Amino acid sequence: MKPRLLTGVLLAALLGGPACVARAQDSQAAVDILQWLIPLTGLGMTYAYADAEGSKQFAESYLTTVGLTAYLKVNVPEQRPDNSPSRQSYVSGHASSAFAGAAFIQMRYGWAPGLPAYAAAAYVGRERVEERAHYPSDVYRGIAIALTSAFIFVTPHRPAIQFSPYFGPEAAGIQVVARW
């Protein structure tokens with residue numbers, strides 16, 4: 001399957017997933033699915049593009065986000081807005097996971113696939129607040145952790161061969177840069 005076709009299929013699943021669940025009138029199930037589907041879409045894109053460096057960057061960014069979120073959830077005692085017993089509120093795991101996937105997609109592959117991923121991640125964050133599972137600040141902290149982690153670990157994907165014009169003092173031409 002060609003990378004653009006697979007990317008389209010993954011994005012269709014990303015955007016269609018919540019619509020299917022929404023028909024069942026269960027927004028909690030939609031956010032539970034999206035918190036994993038968005039990052040899996042990013043990981044799937046690394047395979048679609050045969051992007052080994054992207055897979056490595058995804059793992060570094062995503063595992064840092066999830067690890068820091070889990071650490072904070074265990075070590076910062078903050079009660080959830082709905083007063084659920086024995087459940088920590090500080091830093092939304094759903095939001096940090098969803099935004100880690102969206103930030104990876106956007107920073108590695110650009111805004112075209114990143115924008116729908118961010119829209120789906122925003123839905124996750126909004127629903128966590130609407131369901132009174134988190135305070136808005138918990139969601140914002142999850143977003144901040146995910147974006148910071150992606151900013152540290154993720155670089156833009158570039159094609160294997162790049163062409164650019166070259167103008168020197170005594171010559172002009174086309175410069176070809178190949179990565180392997």
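At what angle do α3 and helix α6 pack, and how far apart are their axes? In this predicted model, the angle comes out at about 150 degrees, and the axes of α3 and helix α6 (residues 136–153) are 9 Å apart. The crossing of the two helices is right-handed. On the α3 side, the contact is made by Gln57, Glu60, Ser61, Thr64, Thr65, Leu68, Thr69 and Leu72, and these meet Ile145, Ala146, Ser149, Ala150 and Phe153 on the α6 side. Sorted by type, the residues of this contact split into 6 nonpolar, 6 polar and 1 charged.

Stepping back to the whole fold, the protein chain has 6 helices and 2 strands, and reading along the sequence gives the pattern α-α-α-α-α-α-β-β. Of its 180 residues, 41% count as buried. Take the contacts between residues at least 6 apart in sequence: 66% of them join residues at least 24 apart.

Now for the inside of the protein. The largest nonpolar core has 25 residues, and Ile38, Phe99, Ala102, Phe104 and Ala121 are the ones with the most contacts inside it. Five helices, namely α2, α3, α4, α5 (111–130) and α6, each put in at least two residues. The top contributor is α4, which gives 9 residues to this core.

Phenylalanine 104, one of those well-connected core residues, has a mixed set of partners. Setting aside neighbours within four places in sequence, phenylalanine 104 is in contact with Gly42, Thr46, Gly54, Gln57, Phe58, Tyr109, Ala150 and Val154. Two residues on that list, Gln57 and Ala150, also turn up in the contact of α3 with α6.

Phe58 is another partner of phenylalanine 104, and it can be followed from its own side. Phenylalanine 58 sits in helix α3 and counts as buried, because its relative accessibility is 9%, where buried means under 20%. Once residues up to four places away in sequence are left out, phenylalanine 58 touches Pro39, Leu43, Leu63 and Phe104. There is also glycine 42: the C-alpha atoms of phenylalanine 58 and glycine 42 are 7.6 Å apart in space, with the two positions 16 residues apart in sequence numbering.

What about charge pairing? Side chains of opposite charge can pair when their charged atoms come close. Here the count comes to 5 salt bridges. One of them joins arginine 108 and aspartate 51, with N to O at 2.7 Å. Arginine 108 belongs to helix α4 (residues 93–109), while aspartate 51 is in the loop between α2 (27–48) and α3 (52–75), so this pair ties together parts that are 57 residues apart in sequence. Both arginine 108 and aspartate 51 are buried.

Two further salt bridges show a split in exposure between partners. Glutamate 127 pairs with arginine 126, and the closest N and O atoms are 3.0 Å apart. Here the acid is the buried partner: glutamate 127 has a relative accessible area of 9%, whereas arginine 126 is partly exposed at 46%. In the pair of glutamate 131 and arginine 128, with N to O at 3.5 Å, the roles are swapped: glutamate 131 is partly exposed, with a relative accessible area of 24%, and arginine 128 is buried at 3%.

Definitions and conventions. Residues are numbered from 1 along each chain as its sequence is written. This is a predicted model: local features need pLDDT of at least 70, side-chain atom pairs count only at pLDDT 80 or more; totals for chains, interfaces and linings use all residues. Side-chain values use heavy atoms; hydrogens and water are left out. A salt bridge is a side-chain nitrogen of Lys or Arg within 4 Å of a carboxyl oxygen of Asp or Glu. Helices (H or I, at least four residues) and strands (E, at least two) are DSSP runs, numbered from the N terminus. Buried means under 20% relative accessible area, exposed over 50%, partly exposed in between (1.4 Å probe, protein chains only). Contact means heavy atoms within 4.5 Å. Axes are lines fitted to C-alpha atoms, for helices over the stretch in contact, and angles run from 0 to 180 degrees between N-to-C directions. A crossing is left-handed if the near helix is turned anticlockwise from the far one by less than a right angle, and right-handed if clockwise. Ala, Val, Leu, Ile, Met, Phe, Trp, Tyr, Cys and Pro count as nonpolar, Asp, Glu, Lys and Arg as charged, and the others, Gly among them, as polar. A nonpolar core is a set of buried Ala, Val, Leu, Ile, Met, Phe, Trp, Tyr and Cys residues joined through side-chain atoms within 4.5 Å.
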